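Colleague: Mind walking me through a few of the labels in your notes? I'd like to hear the reasoning behind each one.

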Amino acid sequence: MAEMEVRVPDIGDFDTVDVVEVLVETGDVVDVDDSLITLESDKASMEVPAPAAGTVKELRVAEGDQVGQDAVILLLETSGAAAQQAAAEAPTETAAERAASPSAEPAEEPAPPPPPQPPAPALSGDTARAEGDLRPIDQVVDERKFSSAYASPSVRKLARELGVDLAKVTGSARGGRIVSDDVKSYVRGVLSGAAERPSSGGSGLGGFDWPQMPTIEFSKFGEVETKPLSRIRKVSARNLHRSWLHVPHVTQHEEADVTELEAFRKSLGKEAEKRGVKMTPLAFLLRAVAACLRRYPDFNSSLDPSGENLILKNYVHIGVAVDTEDGLVVPVIRDVEEKGLFELAAEVIDAAKRARAGKLTPKDFQGACFTISSLGGIGGTAFTPIVNAPEVAILGVSRNRWSPVWNDAAEGGQGAFERRLMMPLSLSYDHRVIDGASACRFTVELAALLSDFRRVLL
Ligand code: CAO
């Protein structure tokens, strides 16, 4: 037998949080992942799970206590093997160590590096992903342990008693807080066979019973192997799924004539080489998109949580989707309009390099207003990228191709087909914020800027 201290995990931005429930007593036998206590800040709550199976030997906290990160919650008597396993999986860096580390952001989790990290649910007021936040899913929200719902302990208790998953309930109180009536009306909806959707701003999905995918035993049909998803893939899967569910997507397609732009880009090759960078098409795209965002400010906005207002941003930071072996990450290039093409090219290359080496920091992921996802280096003719909510639009870029384009003015006004290099653009947008006509204007303008890059300066 061994004894282990169970400590308060990462509590995000808070110095201390309240212990609102103690769910075990001395002498209780717990399984790994059984909830031990509930912590709550003024914005969110989380249950702390047992890191190993064992017997509660001594409780060190009581309801009403305030605790900080790493405070000892209880002593757990475990089998030696369980303790070793839990110790191997426990976070190795304490808050103090993290604070001492010059590269660390005290309130944020490190960016997902390639090797798997242990789960450490973070307490955050907004469990919906903050802009650009790509913290691992198991740190952002583990729905079994850390309800993303904003509700008081008594409402949580009611939900537990009624077997209601608060994640499915839409809160009707200020800020989306769930009150007991919301839980009751959810239950009434389920019992009446038609799940109710209590009104709250935004795109609440609570109250709706999504049809579940059946569990299929694939091995019945042939040999299979199970490959765990990387942390990055789990995070992006969750973020993409959430955006897909919350955002009504439409994709607008356009083609930009980049014949001259590509000639110009290539002409900069030697100069770029001298500066130690490669002049990528993305640098031009970033500047052209930045100009379009200024001209169409609704594309540079986010819907506020009430769904009643647009938050217009007076800065232009653009995320760039980078394909890594472990999955998709989206580092952010800041203040795009203030940077020259060489600087942007260097930043994109640096961000992609660091992304692939797992060296991005949380800051690198934050603050994007819009995202560019370029598959141009790979191929394709068009695609439908998923909006990186709370951004309201994303630009997909496919591979340039030489096309015959009719030119009315050619051949002395007779008109003729000309060989032009065309860049396919696919703009997905949040139809709650952007109308089809605006999206079309945006892409037409973007194509015009890319066709004659001097227009970016106008
Ligand atoms: N048409 C034709 N060629 C293109 C092109 C386009 N639209 N865009 C880029 N290229 C070329 C580049 O010029 C480069 O050619 P050279 O080596 O001959 O100069 C080559 O393709 C490779 O480019 P790259 O991919 O290295 O560089 P990039 O700046 O175009 O893109 C990055 C960088 C990080 C965006 C890219 O590497 C990447 O990861 N793309 C994938 C993004 C992704 O997965 N998106 C899907 C997300 S789901 O929405």
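Modeller: Sure, here are the helix packing, the ligand site and two backbone oddities, and bear in mind that this is a predicted model.

Colleague: Let's start with the helices. Why are α9 and α10 called roughly perpendicular?

Modeller: The axes of α9 (residues 281–295) and α10 (residues 341–356) cross at roughly 115° and come within 8 Å. Angles of 65 to 115 degrees count as roughly perpendicular, so that's the label this pair gets. As for handedness, α9 passes α10 in a right-handed crossing.

Colleague: What makes up the contact of α9 with α10, by class?

Modeller: On the α9 side you have Leu-282, Ala-283, Phe-284, Leu-286 and Arg-287, and they meet Leu-341, Leu-344, Ala-345 and Val-348 in α10. That contact comes out as eight nonpolar residues, no polar ones and one charged. Arg counts as charged, and Arg-287 is among the α9 residues there.

Colleague: And why is α9 oblique to α12?

Modeller: Here the packing angle is about 135°, with the axes of α9 and α12 (residues 436–451) 9 Å apart. Roughly perpendicular covers 65 to 115 degrees and roughly antiparallel needs over 145, so α9 ends up oblique to α12. This crossing is right-handed too. Phe-284, Leu-285, Ala-288 and Val-289 are among the α9 residues involved, and the α12 partners include Phe-442, Glu-445 and Leu-446. By class, the contact of α9 with α12 has eleven nonpolar, no polar and two charged residues.

Colleague: Now the ligand. Which residues come nearest?

Modeller: Of the 23 residues around the ligand, the nearest are Thr-280, Asp-323, Arg-356, Ser-373 and Asn-400.

Colleague: How do you know that Arg-356 makes a polar contact with the ligand?

Modeller: A polar contact is a pair of N or O atoms within 3.5 Å. A side-chain N or O atom of Arg-356 is 2.8 Å from a ligand oxygen, so the pair qualifies. Ser-373 has a polar side-chain atom 2.8 Å from a ligand nitrogen. With Ser-374, a backbone N or O atom lies 3.0 Å from a nitrogen of the ligand.

Colleague: What makes Asp-33 worth flagging?

Modeller: Its phi is positive, about 80°, although Asp-33 is not a glycine. Most residues other than glycine have a negative phi. You'll find Asp-33 in the loop between β3 (29–30) and β4 (35–40).

Colleague: And where does the cis peptide bond sit?

Modeller: Between Ala-389 and Pro-390, with omega about 10°. Most peptide bonds are trans. Pro-390 is in the loop between β16 (370–374) and β17 (393–397).

Note on methods. Residues numbered from 1 in each chain as written. Predicted model: local features only at pLDDT ≥ 70, side-chain atom pairs only at ≥ 80, totals over all residues. Heavy atoms only, no water. Axes fitted to C-alpha atoms, helices over the stretch in contact; angles between N-to-C directions. Helix = DSSP H or I, 4+ residues; strand = E, 2+ residues; numbered from the N terminus. Parallel < 35°, antiparallel > 145°, perpendicular 65-115°, else oblique. Left-handed = near helix turned anticlockwise from the far one by under 90°. Contact = heavy atoms within 4.5 Å. Near = heavy atom within 4 Å. Polar contact = N/O pair within 3.5 Å; in protein donor to acceptor, adjacent residues only side chain to side chain.
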